[in-house]
Amino acid sequence: MGDLNRGRLLQSLFDLGPTSRAGLARHIGVNRATITGIVQPLIDDGILVEGEPASSGGAGGKPARPLQFSRNAPQIGAVDLRHGSVRTALVSWTGEITAVEREDFPTEAGDPRAMAAILASLSRTLSAARQPPLGIGVGATGMIDTDRGVIVKVNLAPVLSGLGLGAALEEQTGLPVYLDHHPRALLLADRWFGIGRSLRTFAVLYLSDVIGGALQLDGHLQSGPAGAGGELGHTFVQIDGEVCACGRRGCWETVATIGWLRRQAQAAGLPGAEEMTPALLAGLAETGSEAAERLLDLYARNIAVGIANLQQTLAPNHFVLHGEVVEAGERLRAAIEAHVGLLVPPRPGSEPRVLLTDQRGLATLRGAAGIVLSRRLQFQL
């Protein structure tokens with residue numbers, strides 16, 4: 001029960017920000033004596049500090065001193081593992097990122113330079129830690145077995161398929177290592193450090209060269225057995241559609257990735273088609289290009305089809321976008337939301353909203369830290 005209450009208190013500070021002892025007692029439903037018993041060891045261990053006294057508002061009495069996370073609390077090692085590259089960093093409990101390192105590696109199966117690159121980047125990052133980190137979180141692309149800490153398969157980087165990364169990093173660092181699917185790391189970044197703090201139920205969608213997603217329903221992160229959920233890019237949107245990289249036909253990824261966008265841009269004769277991005281396409285549309293405007297609208301609709309299926313199935317209501325799609329800004333966001341509104345029958349109190357993450361390029365690193373915080377501190381997810 002003590003560990004449970006400690007986790008609830010720390011989780012409340014992520015949700016509420018700096019909060020007094022009395023406020024925390026009310027929020028988690030325990031008495032002041034229990035709060036004091038939880039808080040003092042956390043202060044002694046350098047996890048929490050007391051802020052400046054808040055004004056009593058003229059009501060008299062001793063001003064409350066809000067509790068908040070200490071900048072000197074043990075940092076968290078974070079790994080962002082993608083197709084052909086790795087980034088590592090140290091992340092504080094307030095989301096500050098330091099000691100960022102990066103390495104590229106070949107993607108061909110069996111190339112030993114991939115593991116060497118991961119270890120080299122992480123080693124340089126950990127050498128900057130002022131004390132042993134709380135643990136290491138890894139947000140990795142591809143199919144992930146979270147129970148065994150293994151990357152099962154990565155279509156775009158075969159070198160990572162079958163890699164027992166969790167055990168390898170634990171052996172090298174002596175720290176606990178937690179591995180999870182990249183989109184779930186993005187959701188935890190929004191959940192603990194960003195736009196998702198105020199949302200009990202929401203979905204995260206990563207839209208770039210691949211598509212992935214994660215769901216939080218009524219405060220609970222949905223993972224599936226051994227982390228099997230989240231492969232939203234391989235849900236079907238066209239029964240007899242194009243062949244996907246996974247070998248099946250009609251996956252969402254065949255009509256809403258950057259690769260699809262570039263092929264369509266080339267077919268439409270748009271300038272810079274081979275390097276087209278959502279941001280560049282939105283810029284062309286802003287200049288008055290009708291071809292760009294049509295393609296942007298089609299891209300928005302194809303994204304909306306997948307969102308509409310999720311809304312009809314689980315009604316997350318809020319969809320937070322990540323990836324290159326975010327760089328296209330408000331024009332594309334509004335177009336996606338409009339198409340979702342047309343595809344989903346209206347229902348009072350359940351109007352789907354499309355949002356842009358406020359984390360941008362730091363989301364996976366913060367989310368990797370969120371994996372460690374959630375697991376080590378027994379947060380109720």
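This passage describes selected strands, a pocket and several individual residues in a predicted model.

Strand 10 spans residues 202–207. Six of its six residues are buried, so the strand is mostly covered; buried here means under 20% relative accessible area. The covering applies to both faces. On one side, Phe202, Val204 and Tyr206 are buried. On the other side, Ala203, Leu205 and Leu207 are buried as well.

Strand 10 pairs with strand 11, which covers residues 211–217. The two run antiparallel and share six bridges. Within this pairing, Val204 has Ala214 of strand 11 as its bridge partner. Three residues lie between the two strands, and together the strands form a hairpin. Strand 10 also pairs with strand 13, residues 318–322. Here the sense is parallel, and the bridges number four. Ala203 has Phe319 as its bridge partner in strand 13.

A second parallel pairing involves strand 9, residues 177–181, and strand 6, residues 136–140. Five bridges join these two strands. Ala140 stands opposite His181 of strand 9. Five of the five residues of strand 9 are buried, so this strand is largely enclosed by the rest of the structure.

His182 belongs to helix 6, which spans residues 182–193. Its relative accessibility is 4%, so His182 counts as buried, the limit being under 20%. The side chain of His182 makes a polar contact of 3.1 Å with the side chain of Thr364. Leaving out residues up to four places away in sequence, His182 touches Arg82, Gly139, Ala140, Thr141, Tyr206 and Thr364. Two of these names have appeared already. Ala140 is the residue opposite His181 in the pairing with strand 9. Tyr206 is one of the buried residues of strand 10.

The largest pocket has a volume of about 750 Å³. Its lining is made up of 35 residues. Those nearest the centre of the pocket are Asn155, Leu156, Val210, His234 and Glu253. Four elements give two or more residues to the lining: helix 6, strand 11, helix 7 (253–256) and helix 8 (258–267). Helix 8 gives the most, with five residues. By class, the lining holds 14 nonpolar, twelve polar and nine charged residues. Strand 11 thus has two roles in this account. It pairs with strand 10, and it gives residues to the pocket lining.

Backbone angles come next. Most residues other than glycine have a negative phi. Two residues depart from this pattern. Asp218 has a phi near 50 degrees, a positive value in a residue that is not glycine. Asp218 sits in the loop between strand 11 and strand 12 (220–222). Its relative accessible area is 48%, so Asp218 is partly exposed; exposed would require over 50%. Asn317 likewise has a positive phi, of about 70 degrees, although it is not a glycine. Asn317 is found in the loop between helix 10 (290–314) and strand 13. Asn317 is buried because its relative accessible area is 17%, and the limit is under 20%.

Another loop residue is Leu163. Its place is between strand 8 (150–153) and helix 5 (165–173). Along the chain, Leu163 and Val152 are eleven residues apart. In space, their C-alpha atoms are separated by 7.1 Å. Leu163 is also in contact with Met115, Ile118, Gly149, Val150 and Ile151, its neighbours within four places in sequence being left aside.

The last residue described is Asn5. It lies in helix 1, residues 2–16. Asn5 is buried because its relative accessible area is 8%, which is under 20%. The side chain of Asn5 makes a polar contact with the side chain of Arg8, at 3.1 Å. Asn5 further touches Ile28, Val30, Thr34 and Ile38, not counting residues up to four places away in sequence.

Conventions
Residues numbered from 1 in each chain as written. Predicted model: local features only at pLDDT ≥ 70, side-chain atom pairs only at ≥ 80, totals over all residues. Heavy atoms only, no water. Buried < 20%, exposed > 50% of the residue type's maximum accessible area, 1.4 Å probe, protein only. Pairing = 2+ DSSP bridges. 1 Å grid on protein atoms, 1.4 Å probe; cavity = no way out; pocket = protein on both sides within 12 Å on 5 of 7 lines; lining within 4 Å. Points joined across faces, edges and corners; volume = space filled by probe spheres on them. Nonpolar A, V, L, I, M, F, W, Y, C, P; charged D, E, K, R; others polar. Polar contact = N/O pair within 3.5 Å; in protein donor to acceptor, adjacent residues only side chain to side chain. Contact = heavy atoms within 4.5 Å.
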